[in-house]
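Ready to practise reading a protein structure? Have the sequence and the 3D view at hand, and try each task before you look at its solution.

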Amino acid sequence: MATTSLTTCPYCGVGCGVQVTDEDGAISVKGDKLHPANFGRLCSKGSALADTIGLEDRLLHPQINGKQASWDTALNAVSNGLKKIIEEYGPDAVAFYVSGQLLTEDYYVANKLMKGFIGSANIDTNSRLCMSSAVAGYKRAFGSDSVPCSYEDLEQAELIVIEGSNTAWCHPIVYQRIVKAKQQRPELKIVVIDPRKTATCDIADLHLPIKPGSDATLFNGLLSYINKQQRINWDFVNPHTEGVVEALLAAEKSAAGISQVAQICELSEQDVRLFYQFFADTKKVVTLYSQGVNQSSSGTDKSNSIINCHLATGRIGKPAMGPFSITGQPNAMGGREVGALSNQLAAHMELNNPAHHDLVSRFWQTDNLASVAGLQAVDMFEQIANGKIKAIWVIATNPVVTLPNADVVRRAIEDCELVIVSECELNTGTAARANILLPALAWGEKCGTVTNSERRISHQRNFLPHPGEAEEDWWILSQVAKRMGFGEAFNYQSSADIFREHAALSGFENKGKRDFDISGLAEITDKQYDELSPIQWPVTARDSEGTERMFEDGRFFTATGKAQFIAITPRPPANATDEEYPLILNTGRVRDQWHTMTRTARSARLNAHISEPIIQIHPADAKAYNLKNSGIARLDSLWGNMLARIAVTEEQRPGSVFVPMHWNDFLASKGRVNALVNPVVDPISGQPESKHTPIKVAPYRPAWYGFMFSRTALAPSNAEYWVKIKGDQFFRYELAGETAISDPFSWAKKQLGNDGEWLEFSDQNEKRFRAGKIIDNRLESIIFIAPEFDLPARSWLSQVFSEQTVTDEMRMSLLAGKPGAGLPDTGPMVCACFGVGENTIMEAIASGSAKTAEDIGTLLKAGTNCGSCIPELKNIISNKQPH
Ligand code: SF4
């Protein structure tokens, strides 16, 4: 019998609703048609959620020093370990590092335990790495961390400025909503500001390939232009804002005219003028911004330079207008709400505000509430490295991959006296270095709430049983709190109990003084909590249906009730390129992977799009540094190094390279880009500069290149470069080694096992070797080695693993690595949702039956689910981007 559940996607901050169907244990997912974030659509990652819920490589039992332990023993070890260190060194010797993957209820309990009862503010969240500059920018301008807009504002806008965001890949359903609005109203203008020509530019009327780091100059120039064109909305500015004169003076000083702006930002005057005209002449403007703005040593200033322009034109608090920061993680907003950033108290209150301190102390009934800000993420791990912090509890995140200067972070964790890790997954770089491992429930097993980028609280519901001994994060934290002697305050029976307390605190002595208020939900019953429909905060007795838009009354949460202009003096990135490190490293996400790939790498279809750590580089730079497309490059910065497959593309800005942030130690030997990233942070927000590290690149010249496929997972030997890729019924390994293999056949048998029927080809002079192993007439494994990287494409061989029988024709083609005449090869994956390859698309185009992306959708379904591959379909049609 089939049962259905409604829940929320655990990946990006769009917060899409998901409908899960369980048909006798077979789980399938589709978009929730009624969820206001996505109205039934899911992107490739959301559509593949069912592929990721298996128990393989799950952490299912508590462990102490690698040995299974009972919950009681493990929880006692955690509480005794923390208590001992606190007694000896004080509360600031311990720290929690938590995650935007946590549910709000988990987050709330973690923050309450650390700040309220342990008495230190040393709790920070990995959201520090993605949106803390946006938080700081909002707070400086509005006196509160309030995202003013809703997704509907994007659909109603006349101009959308997308800055520092590859929305098409990183927030795909928001992008699809914009695409649809543009289709319905072609007059809707889209400006994309990004050093790269990303998939998002597919719908842009204007793309500004800005010099990395010069965003504040561009927006200061815009503010100055608005003033000169007499477009300042004084009817809004005079009664509702303060500081405009100082902001205008600073803007004028740094960006006096269009030609100066164009010169600093390395844009054409014509493009800058056009952008300024669009902005000044259009009433309904939304500026959508993300990590490209935030991940900077001046990210807070950049976000305020954007907000200044919206305040100057009065474009805030009205439909289709506003500065709209979108969050990376599913519950970054929930973390902000409960105060999981080390400089905040709960419910958007301030650590350094005595009234807030008193209020939270009374509400939590504690006399030990922290009163000074704790350490921010980068500083926290520095203090672990220098021994000042002696115990770290990492919950639902993987800092040895994601923090800048990641090799130093890894060593810091290895040397830390007590490392506690709460995790779903066994194989994370951080879990591998834990003294105590605590098994947590994963998506589909746990239950609670999350808040998306438009302040919409949604329920994430469980539809799977608890596996092994895994538990809810709030339960684990509460059990430790009880053992530390704080039992009364952590006597929760359910996540609904915690949610009600969180809601009550938000409304406690609030009376409209604080933006975050969900007191309208403080008394909901367990049943109402289970059935909670998506709703945007604030939710109060007066606004019981939630609030679509903030600041409609022109009142802000500053002391004067007026929004603040901030005078911005643009600063360049902390470290400039030089002769030794001449290129700028920009890090970010790819279309089909999520964070450190601990979940998405379980899905064969998600691995098919971009399978290896890549470095995207402009052809001129590739030529200058002797890099060949599909070869391997070594990247070095002052902080670390890595190896990555070379992807030469004109879409990259000369002088700047892009490398994805996803690969971890279990999936690639040298693929952690954050090992290279400069740990410098924004002085206000503490957010690292992940978009601008000077690096050098050089060709990596191993003795041999190769790849192998196997039906079972392997541990490749003699290969300094390896990447593990899960496919459909196989694992693929991309390989390169620095020492020549003298006897390749013996080596192949050592890798793949001695059994089965072997096919072999060897050319000793050319140093080429190919061998395949067949068992029961099915391809079991295959290996290719050559002195150069130009090996056969992997797409056809991967399809052979799905065949029940290797036919004679296939057998003859196996060691050629490509199909003989008449054998199909779908080619490299383009559409992950429907598994449509490039060759299939090319055939449809060649036959004349597909002339547009829409035709391809009609014929092959490609691009008709999430739509993220449509820019690639268009590229294939125009033959601009052959693989
Ligand atoms: Fe999940 Fe994709 Fe929606 Fe983001 S856009 S919430 S990843 S389905």
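Below are six exercises, each with a worked solution.

This is a predicted model, where local features need pLDDT of at least 70 and side-chain atom pairs count only at pLDDT 80 or more, while totals for chains, interfaces and linings use all residues. Residues are numbered from 1 along each chain as its sequence is written, and side-chain values use heavy atoms, with hydrogens and water left out.

**Exercise 1. Cysteines**

Task: Find how many disulfides the structure holds, and decide whether Cys12 and Cys16 are buried or exposed.

Solution: Start with the idea that a disulfide is a covalent bond between the sulfur atoms of two cysteines. The test used here is a pair of cysteine sulfur atoms within 2.5 Å. By this test, the structure holds zero disulfides. Next, use the accessibility classes: buried means under 20% relative accessible area, exposed over 50%, and partly exposed in between, with a 1.4 Å probe and protein chains only. Cys12 has 10% relative accessibility, so Cys12 is buried. Cys16 has 7%, so Cys16 is buried as well.

**Exercise 2. The sheet of S1, S2 and S3**

Task: Work out the strand order of the open sheet of three strands, and name its edge strands.

Solution: Strands (E, at least two residues) and helices (H or I, at least four) are DSSP runs, numbered from the N terminus. Two strands pair if DSSP finds at least two bridges between them. The order is S1-S2-S3, with antiparallel pairing. The edges are strand S1 (2–8) and strand S3 (26–31), each pairing on one side only. Now zoom in on one pair: S1 and strand S2 (residues 17–23) are joined by seven bridges. One example is Ser5, whose bridge partner in S2 is Val20.

**Exercise 3. The nonpolar cores**

Task: Which residues touch the most other members of the largest nonpolar core, and which helix gives the most to this core?

Solution: A nonpolar core is a set of buried Ala, Val, Leu, Ile, Met, Phe, Trp, Tyr and Cys residues joined through side-chain atoms within 4.5 Å. The largest has 213 residues, and Leu82, Leu218, Phe275, Trp393 and Leu814 touch the most other members. Helix H3 (residues 104–118) gives the most, with eight residues. To see one member up close, list the contacts of Leu82, where contact means heavy atoms within 4.5 Å. Leaving out residues up to four places away in sequence, Leu82 touches Val94, Ala391, Trp393, Leu418, Ile420, Val480 and Met484. There is also a second, separate core of 25 residues, including Ala377, Ile392, Val394 and Leu437.

**Exercise 4. Helix H11**

Task: Why do the buried residues of H11 line one face of the helix?

Solution: First, list the buried residues of helix H11 (residues 258–265): Ile258, Val261, Ala262 and Cys265. Then look down the axis of H11: these residues fall within an arc of 100 degrees, so they line one face. The arc is that of the directions from the helix axis to the C-beta atoms. A general rule helps here: an α-helix has 3.6 residues a turn, so residues three or four places apart point the same way. Finally, what covers the buried residues of H11 includes helix H8 (215–228) and helix H12 (269–281).

**Exercise 5. S17, S18 and His459**

Task: Describe how S17 and S18 pair, and find where His459 lies.

Solution: S17 and S18 are antiparallel, with four bridges. In one of them, Gly448 has Gln460 of S18 as its bridge partner. Both faces of strand S17 (residues 448–451) are covered, with Gly448 and Val450 buried on one side and Thr449 and Thr451 buried on the other. His459 lies in strand S18 (residues 456–460). With a relative accessible area of 3%, His459 is buried. Its contacts, not counting residues up to four places away in sequence, include Thr7, Cys447 and Tyr529.

**Exercise 6. Unusual backbone angles**

Task: Where are Asp57 and Pro538 placed, and what is unusual in the backbone there?

Solution: Recall that most residues other than glycine have a negative phi, and most peptide bonds are trans. Asp57 sits in the loop between helix H1 (44–47) and strand S4 (63–64), and its phi is positive, near 65 degrees. At 37% relative accessible area, Asp57 is partly exposed. Pro538 is in the loop between strand S19 (535–536) and strand S20 (563–564). The peptide bond from Trp537 to Pro538 is cis, with omega near 0 degrees.
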